[in-house]
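Biologist: Hi! I'm new to this one, could you walk me through it?
Modeller: Happy to, let's open it up together.

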Amino acid sequence: MDMVSYVVWKDGDKLRAHPIGYAMGGRCPGTTGFAVEGTSGSLVHLRGSEALEGGYSYMCEDKKGELYECTGADDEVGAGTACLGGSPTEYDLVFDTKQGKVLLGIGRPSLENPADDVKISFEPTGLKLSSAACGDRIEKF
C-alpha cells in the first residue's frame, strides 16, 4: 500500500487535490504528513515530512547465524532482504492553488537543532526564506 499526502483546496464549487508527499509503499512502508503553516492569497505554505519505516536492504548471515546488512565482501552468505529504518526528510512547500502546483520545495534531513531550520514568510514583495545560516528573498511569482 502506498502512503501519499495531498493538498486539497476548493476551486469554485469543486474540490481539487494534488499529491505533495509520498512514502514508499509495498514491503517497506513509510509515513508522510503535511500541515498548513500559513497562507497569502492563493499561496499556501505547507510543512511536513516523509519517513521510510525501512529501506530495502540485502541481508547476509554470519557463521553464528546472525543477520547483518551485506557489505559486498566476496565471502558473504546472502540471507534475503529486510526493511531497515531511516531518518525522515523534512519539507517546506509553497503551493499555488490558482496554478495547482508546487512553486517552491525545500527538503532536508531532520535537524537536531530546530534553530537551524528554514523559515518561510509571506511579505508584500514576495517570499522570504531565512535560517540561522542565511537569508534570501524570492520576488513574487
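The chat below goes through a few strands and two residues.

Modeller: One thing before we start: this is a predicted model.

Biologist: Good to know. Which strand is His45 in?

Modeller: His45 belongs to strand β4, which covers residues 43-52.

Biologist: And is His45 buried or exposed?

Modeller: His45 is buried, because its relative accessible area is 5% and the cut-off for buried is under 20%.

Biologist: Which side chain does the side chain of His45 make a polar contact with?

Modeller: That would be the side chain of Asp92, at 2.6 Å. Setting aside residues up to four places away in sequence, His45 also touches others, including Ala35, Val36, Leu93, Ile120 and Phe122.

Biologist: How many residues of β4 are buried?

Modeller: 7 of the 10 residues in β4 are buried, so the strand is mostly covered.

Biologist: Okay, on to pairing. In what sense do β3 and β4 pair, and over how many bridges?

Modeller: Strand β3, residues 30-40, pairs with β4 in the antiparallel sense, and there are 10 bridges. If you want landmarks, Phe34 sits opposite Gly48 in β4, and Thr31 sits opposite Ala51 in β4.

Biologist: What links the two strands, β3 and β4?

Modeller: They form a hairpin with 2 residues between them. In that turn, Gly41 has a positive phi of about 60 degrees.

Biologist: How many bridges join β4 to β8?

Modeller: There are 8 bridges between β4 and strand β8, residues 89-96, and those two run antiparallel. Ser49 is a handy marker there, standing opposite Glu90 in β8.

Biologist: So what's the strand order in the sheet?

Modeller: The order is β3-β4-β8-β9, an open sheet of 4 strands with antiparallel pairing. Its edge strands are β3 and β9 (101-109), each pairing on one side only. From one strand to the next, the twist averages 20 degrees.

Biologist: Changing topic: where does Ser5 lie?

Modeller: Ser5 is in strand β1, which spans residues 3-11.

Biologist: Why does Ser5 count as buried?

Modeller: Because its relative accessibility is 8%, and buried means under 20%.

Biologist: Which residue's side chain is joined to that of Ser5 by a polar contact?

Modeller: Thr32, with a side-chain polar contact of 3.1 Å. Apart from neighbours within four places in sequence, Ser5 is in contact with several residues, among them His18, Pro19, Ile20, Gly33 and Phe34.

Biologist: Nice, and Phe34 is one you mentioned earlier!

Modeller: Right, Phe34 is the residue opposite Gly48 in β4, and Ser5 is in contact with Phe34.

Note on methods. Residues are numbered from 1 along each chain as its sequence is written. This is a predicted model: local features need pLDDT of at least 70, side-chain atom pairs count only at pLDDT 80 or more; totals for chains, interfaces and linings use all residues. Side-chain values use heavy atoms; hydrogens and water are left out. Buried means under 20% relative accessible area, exposed over 50%, partly exposed in between (1.4 Å probe, protein chains only). A polar contact is a pair of N or O atoms within 3.5 Å; within protein, one must be able to donate a hydrogen and the other to accept it, and residues adjacent in sequence count only if both atoms are side-chain atoms. Contact means heavy atoms within 4.5 Å. Two strands pair if DSSP finds at least two bridges between them. Axes are lines fitted to C-alpha atoms, for helices over the stretch in contact, and angles run from 0 to 180 degrees between N-to-C directions.
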